[in-house]
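These entries record what I looked up in the structure shown below. I began with the overall layout and then turned to single residues.

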Amino acid sequence: MSAMSPSNSKPPLRDQRGFGLVAALFVVVILAMFGVLTARYIFTTSVSSAEDYLWSQALYAAEAAAHKRILYHDGGGAGGFVAPVVQNITTTVVSDTFVAAGNPAALAFRGRFSGT
């Protein structure tokens, strides 16, 4: 067997300075990127949920206004038609083509959120 000469052996790990610092910086940067992506995802999801909630509330308010308008045209209800305001969502009549009984009619409503 031949003996290993000192020139062929690899240097011990204690002589490789700076590798730990580079590895630690790499890990910190990767973890920071995951943190930023997670925060961005949470923000986007919460904004989307709030918009979905407001959209559904506006839809329900417009549907309530349509029911009241149909009831008004059928002679039901007391007094004139008043568009309802449901949780800061005002409804307006966009088009109402009601002419007489027996004719096709079209109703269009718009619900708008008037809060902050």
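Entry 1, terms. I take a helix to be a DSSP run of H or I with at least four residues, and I number helices from the N terminus. On that basis I placed M33 in helix α1, which covers residues 19–73. I note that I am working with a predicted model.

Entry 2, overall layout. I found 1 helix and 3 strands in the chain. Following the sequence, I read the order of elements as α-β-β-β. I looked up burial for the whole chain and found that 11% of its 116 residues count as buried. The exposed area of the chain is about 9500 Å², and carbon and sulfur atoms account for 65% of it. I then turned to contacts between residues at least 6 apart in sequence; 43% of these join residues at least 24 apart.

Entry 3, the surface patch. I asked which residues form a nonpolar patch on the surface. They are F26, V27, V29, I30, L31, M33, F34 and L37, and their accessible area together is about 800 Å². I checked M33, one of these residues, in its own right. M33 counts as partly exposed because its relative accessibility is 49%, and the class of partly exposed residues runs between 20% and 50%.

Entry 4, a second residue of the helix. I located Q57 in helix α1 as well. Is Q57 buried or exposed? I recorded Q57 as buried, because its relative accessible area is 15% and the cut-off for buried is under 20%. Leaving aside residues up to four places away in sequence, I found that Q57 touches Q87 and I89.

Entry 5, the hairpin. I followed Q87 to the turn of the hairpin formed by β1 and β2, where Q87 has a positive phi of about 50 degrees. The hairpin has 2 residues between its strands. Strand β1 spans residues 85–86 and strand β2 residues 89–96; I found them paired in the antiparallel sense over 2 bridges. I noted T90 in β2 as the bridge partner of V85.

Entry 6, the sheet. I next looked up strand β3, residues 107–113, which runs antiparallel to β2 and is joined to it by 7 bridges. In β3, A108 is the bridge partner of S95. I recorded an open sheet of 3 strands in the order β1-β2-β3, with antiparallel pairing. Strands β1 and β3 stand at the edges with a single partner strand each, so one side of each has no neighbour in the sheet.

Technical notes. Residues are numbered from 1 along each chain as its sequence is written. This is a predicted model: local features need pLDDT of at least 70, side-chain atom pairs count only at pLDDT 80 or more; totals for chains, interfaces and linings use all residues. Side-chain values use heavy atoms; hydrogens and water are left out. Two strands pair if DSSP finds at least two bridges between them. Patches are made of residues with over 30% relative accessible area and no salt bridge: like charges are joined within 9 Å, nonpolar side chains (Val, Leu, Ile, Met, Phe, Trp, Tyr) within 5 Å. Accessible areas come from the Shrake-Rupley method with a 1.4 Å probe; for residues, only the protein chains shown count as cover. A salt bridge is a side-chain nitrogen of Lys or Arg within 4 Å of a carboxyl oxygen of Asp or Glu. Buried means under 20% relative accessible area, exposed over 50%, partly exposed in between (1.4 Å probe, protein chains only). Contact means heavy atoms within 4.5 Å.
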